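Start with the cysteines, then follow the buried charges and the helix they lead to. Keep the structure open as you read.

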Amino acid sequence: MAFMLPHLHTAFSVEQAVVNAGDRLVCVRFGMDYDPNCMQMDEIIYSCFEEIKGFCDIYLVDIREVPEFNKIYDLQDPVTVMFFFR
């Protein structure tokens, strides 16, 4: 389901998504798109997308493509979901 959810491809785009969200919650899934754990999480996120789209922006970030956050957030698990608000 990763193909159905928006991806952020640079560290700058991740930062801008959080900074420009205003009063909306931002959910970011960090991981590798083809990891089985990530694919399972993507399905879960996608299944509730319709219910939360009114107040939450959802993005996927492949940590191989955007490795800058691996150290900043100490990303060591196969999949990490983080929520940001202002």
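This is a predicted model. Look for Cys27 and its sulfur. The closest cysteine sulfur belongs to Cys56, and the two sulfurs are 5.2 Å apart, too far for a bond. A disulfide here would need the sulfur atoms within 2.5 Å. Cys27 itself is buried, with a relative accessible area of 5%.

Now take Cys38. Its closest cysteine sulfur is that of Cys27, at 12 Å, which is again too far for a bond. Cys38 is buried too, and its relative accessible area is 0%. How many disulfides does the structure hold? The count is zero.

Cys38 leads into helix α2, where the buried residues are Cys38, Asp42 and Ile45. These residues cover an arc of only 65° around the axis, so they sit on the same side of α2. What do the buried residues of α2 pack against? Their partners are β1, α3 (49–52), β2 (56–62) and β3 (79–84). Turn the helix over. The face turned away from the buried side carries the exposed residues Pro36, Gln40 and Ser47.

The helix itself has 12 residues. From its first C-alpha to its last it reaches 17 Å, close to the 16 Å expected at 1.5 Å a residue. Its start has a polar contact to inspect. There, a side-chain oxygen of Asp35 comes to within 2.8 Å of the backbone nitrogen of Asn37.

Return to Asp42, on the buried side of α2. Its side chain meets that of Arg29 in a salt bridge, 2.8 Å from N to O. Arg29 belongs to strand β1 (residues 25–31) and Asp42 to helix α2 (residues 36–47), so this pair ties together parts that are 13 residues apart in sequence. Are these two residues buried or exposed? Both Arg29 and Asp42 are buried.

Arg29 has another acidic partner. It forms a salt bridge with Asp33, where the closest N and O atoms are 3.0 Å apart. Arg29 and Asp33 are both buried.

A further salt bridge links Asp62 and Arg64, with the closest N and O atoms 2.9 Å apart. The two ends of this pair differ in exposure. Asp62 is buried, because its relative accessible area is 6%, under the 20% cut-off. Arg64 counts as exposed, because its relative accessibility is 53%, over the 50% cut-off. Elsewhere, shared partners join salt bridges into one network made of Arg29, Asp33 and Asp42. In total, the structure has five salt bridges.

One more acidic residue is worth a stop. Asp57 lies in strand β2. It is buried, with a relative accessible area of 18%. Which residues does Asp57 touch, leaving out those up to four places away in sequence? They are Ala21, Arg24, Leu25, Val26 and Cys27. That list brings us back to Cys27, the buried cysteine at the start of this tour.

Conventions
Residues are numbered from 1 along each chain as its sequence is written. This is a predicted model: local features need pLDDT of at least 70, side-chain atom pairs count only at pLDDT 80 or more; totals for chains, interfaces and linings use all residues. Side-chain values use heavy atoms; hydrogens and water are left out. A salt bridge is a side-chain nitrogen of Lys or Arg within 4 Å of a carboxyl oxygen of Asp or Glu. Buried means under 20% relative accessible area, exposed over 50%, partly exposed in between (1.4 Å probe, protein chains only). Helices (H or I, at least four residues) and strands (E, at least two) are DSSP runs, numbered from the N terminus. The expected span of a helix is 1.5 Å times one less than its number of residues. The arc is that of the directions from the helix axis to the C-beta atoms. Contact means heavy atoms within 4.5 Å. A polar contact is a pair of N or O atoms within 3.5 Å; within protein, one must be able to donate a hydrogen and the other to accept it, and residues adjacent in sequence count only if both atoms are side-chain atoms.
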